[in-house]
Amino acid sequence: MAIKQDQINELQKKNLEAAVRLAQMSIENSQRIMELQVAVAKSLFEEGVENAKALSSVKDPKQAIELRTQYAQSTTEKMLSCAREMAELTNRTQAEVGKLVGEQLSTGGKDMFEAMQKMFTGMPITDQNAMTALQTAMDTTRSAFEQMTRASSEAFQMFTQPAATKTKK
């Protein structure tokens with residue numbers, strides 16, 4: 001006996017919804033990073049124009065060197081700040097993706113197990129030994145799904161940890 005079509009459709013719908021959420025997370029993270037980069041580029045451009053104007057009016061070479069040094073320091077600080085923000089955005093998105101993948105692995109296995117259980121429930125089985133064997137098979141399947149979910153979640157977490165965290169262990 002096969003799993004009913006509506007059960008398959010429901011599983012596919014859940015998987016599609018998860019894929020859409022994953023795509024939305026990716027797009028939103030990309031948008032945040034692009035907005036940050038544009039803001040920093042605009043700020044650096046404006047600061048560069050102001051610096052060029054200031055340098056054009058300087059008569060003393062020592063003062064020109066000080067202005068260039070200040071501009072270089074300011075630019076470096078802004079670039080490092082931008083890099084830190086981008087790393088934080090990426091880490092938050094990775095954590096959200098990890099959570100989503102973990103949920104999918106957990107609920108996907110659970111949904112499949114429930115669908116199999118419904119299928120067997122509708123079967124006309126009168127032999128107690130056969131029923132016990134089916135229940136044992138169902139319990140073994142559920143346990144295997146749970147172990148696969150845990151292993152997959154742990155592997156995904158190891159994969160998405162930043163390199164600095166991995167080297168500290």
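These legends accompany close-up views of a predicted model.

**View 1. The whole chain is built from helices, with zero strands.**
The chain has 169 residues. Its secondary structure consists of four helices. Along the sequence the order reads α-α-α-α. Buried residues make up 18% of the chain. The chain exposes about 12300 Å². Carbon and sulfur atoms account for 59% of that area. Take the contacts between residues at least 6 apart in sequence: 78% of them link residues at least 24 apart.

**View 2. Asn29 in helix α1 makes a polar contact with Thr93.**
Helix α1 covers residues 5-56, and Asn29 sits within it. The polar contact runs from side chain to side chain, at 2.9 Å. Beyond neighbours within four places in sequence, Asn29 touches Leu89, Thr90 and Thr93. Thr93 thus appears twice for Asn29: as its polar partner and in its contact list. The relative accessible area of Asn29 is 9%. Asn29 counts as buried because this value falls under 20%.

**View 3. Ser30, also in helix α1, is partly exposed.**
The relative accessible area of Ser30 is 33%. That value lies between the 20% and 50% cut-offs, so Ser30 is classed as partly exposed. Ser30 and Leu89 are 59 residues apart in sequence. Their C-alpha atoms lie 9.3 Å apart in space. Leu89 is also one of the residues in contact with Asn29.

**View 4. Met86 of helix α2 contacts Ile33, Leu36 and Gln37.**
Helix α2 spans residues 61-121, and Met86 belongs to it. The three contacts leave aside neighbours of Met86 within four places in sequence. For the pair Met86 and Leu36, the C-alpha separation is 7.9 Å. Along the chain these two residues are 50 residues apart. Is Met86 buried, partly exposed or exposed? Its relative accessibility is 24%. Buried requires under 20% and exposed requires over 50%, so Met86 counts as partly exposed.

**View 5. Asn29, Ser30 and Met86 are shown together with their partners.**
Asn29 is placed in helix α1, as is Ser30. Met86 is placed in helix α2. Asn29 is buried at 9%, whereas Ser30 is partly exposed at 33%. Met86, at 24%, is partly exposed. Which residues does Asn29 contact, leaving aside neighbours within four places in sequence? They are Leu89, Thr90 and Thr93. On the same basis, the contacts of Met86 are Ile33, Leu36 and Gln37.

How values were computed
Residues numbered from 1 in each chain as written. Predicted model: local features only at pLDDT ≥ 70, side-chain atom pairs only at ≥ 80, totals over all residues. Heavy atoms only, no water. Helix = DSSP H or I, 4+ residues; strand = E, 2+ residues; numbered from the N terminus. Buried < 20%, exposed > 50% of the residue type's maximum accessible area, 1.4 Å probe, protein only. Contact = heavy atoms within 4.5 Å. Areas by Shrake-Rupley, 256 points an atom, 1.4 Å probe, with all protein chains shown as cover. Polar contact = N/O pair within 3.5 Å; in protein donor to acceptor, adjacent residues only side chain to side chain.
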